[in-house]
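Thanks, everyone; I would like to use these few minutes to walk through one model, going from its domains to its overall dimensions and then to its charged pairs. Please have the sequence and the structure open as I talk.

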Amino acid sequence: MFDISWIIGHARTTYTCHTSSLPLVTRSSSKTTLSALARSSIPPCRLNPLLFNGHLQTMYTAVKDPGPPIYYKRKLLDSDHSVYPGQFAVDFVVSTEEGENTDEKEDNGELPERTSYFDKDEWNALASDDEMPMIIALHGLTGGSHEVYLRETLAPLTAAGWSACVVNGRGCALSKITTPQLFNSRSTWDVRQTIKTLRSLFPNRPLYAVGFSLGANILTNYCGEEGSQCVLKAAVACSNPWNLELCNTELQRTWLGLNVYHRAMGKNMMGLFERHKEQILQNDMIKLEDVMKSRYLYEFDRVIQAPTWGYPTEGAYYRDAQSVDALLGVRIPFLGINAEDDPISSMRGIPFEEFKKNPYAVLCTTNWGGHLGSFQLGGGRWFATAAASFLSNMHDEIDHKASQVERQEAKVDAPLDKKYPIFDPNNRRLILPDA
């Protein structure tokens with residue numbers, strides 16, 4: 001039967017999860033599951049019927065939108081990784097009053113709007129023993145803390161009393177790089193260091209995380225690598241491309257994929273290159289003449305990202321960095337949100353079977369919404385509302401200590417943690433020391 005529900009803006013929502021979803025205990029001592037919590041937290045998907053397919057939803061993200069006004073203070077952290085030194089920027093949400101009373105940098109283009117640096121005294125006074133929940137956000141390709149989709153997700157949480165910060169990819173959000181590397185799809189080390197820093201500054205705060213597109217891929221990889229040692233209470237991955245190699249192939253298969261999406265993303269990456277050219281070209285494996293010929297994202301990845309990170313081809317980079325297998329290593333409550341008509345994060349790359357194998361994970365898909373779109377009639381993005389609602393309920397309703405005891409007693413890891421032979425979802429081919 002022909003589906004005309006889009007005419008009234010009704011998108012179909014589907015959940016995919018393990019047959020025995022992760023057991024949880026509420027603050028009132030009743031029992032529930034991760035799947036049940038997700039279903040009760042996430043509102044029906046009602047979208048703008050004028051944007052009636054994934055292409056229109058995705059392209060509408062280019063329309064200027066001021067979004068909620070969030071103010072940030074920026075801290076530059078020096079990387080503690082032995083292979084990837086340098087610095088990266090973390091933006092902490094501050095109150096509107098504090099933000100408005102701070103003079104932004106006068107140099108044009110030095111910082112994004114509503115962002116200023118911590119001074120030494122402000123940073124030294126930041127540490128706290130409070131127990132307020134804190135959300136860590138990871139943006140999409142070439143994005144940053146200024147992105148509207150990210151601010152739409154943080155706004156309801158910070159309004160409810162949460163603290164928040166954004167880990168900016170190296171070179172993004174007008175941050176500078178001090179080594180020849182930008183971010184990449186597997187760069188979990190800066191997230192890991194940020195979380196260690198937060199645990200030191202705020203030892204009592206429960207930490208949560210949300211990632212968008214490329215940031216969702218990085219976040220999934222981080223959670224998989226940390227496994228049962230992950231300190232996050234829960235995480236949400238929005239519009240994760242999951243299988244990077246397949247998504248690249250799908251984009252190149254159609255005229256729109258190649259000449260609109262691949263080209264637009266390549267142009268954005270070339271903008272980053274131009275901004276950081278002096279540093280990037282210090283890597284003698286990168287040839288300026290090859291870079292200047294790049295038009296599409298995969299070409300940029302071939303001539304800059306692959307040689308920068310030690311991969312022989314962009315395909316090797318995609319296969320190593322994609323998070324489809326890392327999902328199997330996740331051991332915290334984890335929600336994935338994807339639109340099935342997303343032209344960038346192809347539905348063919350969504351790991352439906354892997355979600356069925358991991359009781360810690362639940363996937364919510366909509367048949368309509370595009371890439372980081374899901375625009376609702378009247379404004380705002382549905383996925384941002386869904387992510388914020390899930391995280392809010394995960395904190396407000398769930399007793400995490402009791403839930404941990406519950407899943408230990410239920411031996412929920414038993415089906416996954418077998419004796420030999422063991423499948424290691426994080427056994428990638430690029431070998432690095434621990435730090």
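The centres of domain 1 and domain 2, taken over C-alpha atoms, lie 26 Å apart, and I should say straight away that this is a predicted model. As for where those domains run, domain 1 is made of two stretches, 13-243 and 322-411, while domain 2 covers 254-317.

Let me turn to the interface. How many residues of domain 1 are in contact with domain 2? There are 25 on the side of domain 1, and they meet 20 residues of domain 2. Interface size is often quoted as the accessible area that is lost when the parts come together. Here domain 1 and domain 2 bury about 2,000 Å² between them, with 67% of that area on carbon and sulfur atoms. Across this interface the rule finds 0 salt bridges, although it does find 5 residue pairs in polar contact, both residues of each pair being at pLDDT 80 or more. On the side of domain 1 that touches domain 2, helix H2, residues 54-59, gives the most, with 3 residues. Sorted by class, that side of domain 1 has 12 nonpolar, 11 polar and 2 charged residues.

Stepping back to the whole protein, we have 15 helices and 12 strands. The radius of gyration is 21 Å, close to the 22 Å that the globule rule gives for 435 residues, so the protein is as compact as a globular protein of that length. Along its principal axes, the C-alpha trace spans about 60 × 60 × 55 Å.

Finally, the charged pairs: the structure holds 17 salt bridges. One of them joins Lys 73 to Glu 122, with 3.2 Å between the closest N and O atoms. This pair links distant parts of the chain, since Lys 73 sits in strand E4, residues 71-78, and Glu 122 in helix H4, residues 120-124, with the two 49 residues apart.

Technical notes. Residues are numbered from 1 along each chain as its sequence is written. This is a predicted model: local features need pLDDT of at least 70, side-chain atom pairs count only at pLDDT 80 or more; totals for chains, interfaces and linings use all residues. Side-chain values use heavy atoms; hydrogens and water are left out. Domain bounds come from an automatic or database domain assignment. Contact means heavy atoms within 4.5 Å. Buried area is the accessible area (1.4 Å probe) that two parts lose on being put together, summed over both. A salt bridge is a side-chain nitrogen of Lys or Arg within 4 Å of a carboxyl oxygen of Asp or Glu. A polar contact is a pair of N or O atoms within 3.5 Å; within protein, one must be able to donate a hydrogen and the other to accept it, and residues adjacent in sequence count only if both atoms are side-chain atoms. Helices (H or I, at least four residues) and strands (E, at least two) are DSSP runs, numbered from the N terminus. Ala, Val, Leu, Ile, Met, Phe, Trp, Tyr, Cys and Pro count as nonpolar, Asp, Glu, Lys and Arg as charged, and the others, Gly among them, as polar. The radius of gyration is taken over C-alpha atoms; the globule rule is 2.2 Å times the number of residues to the power 0.38.
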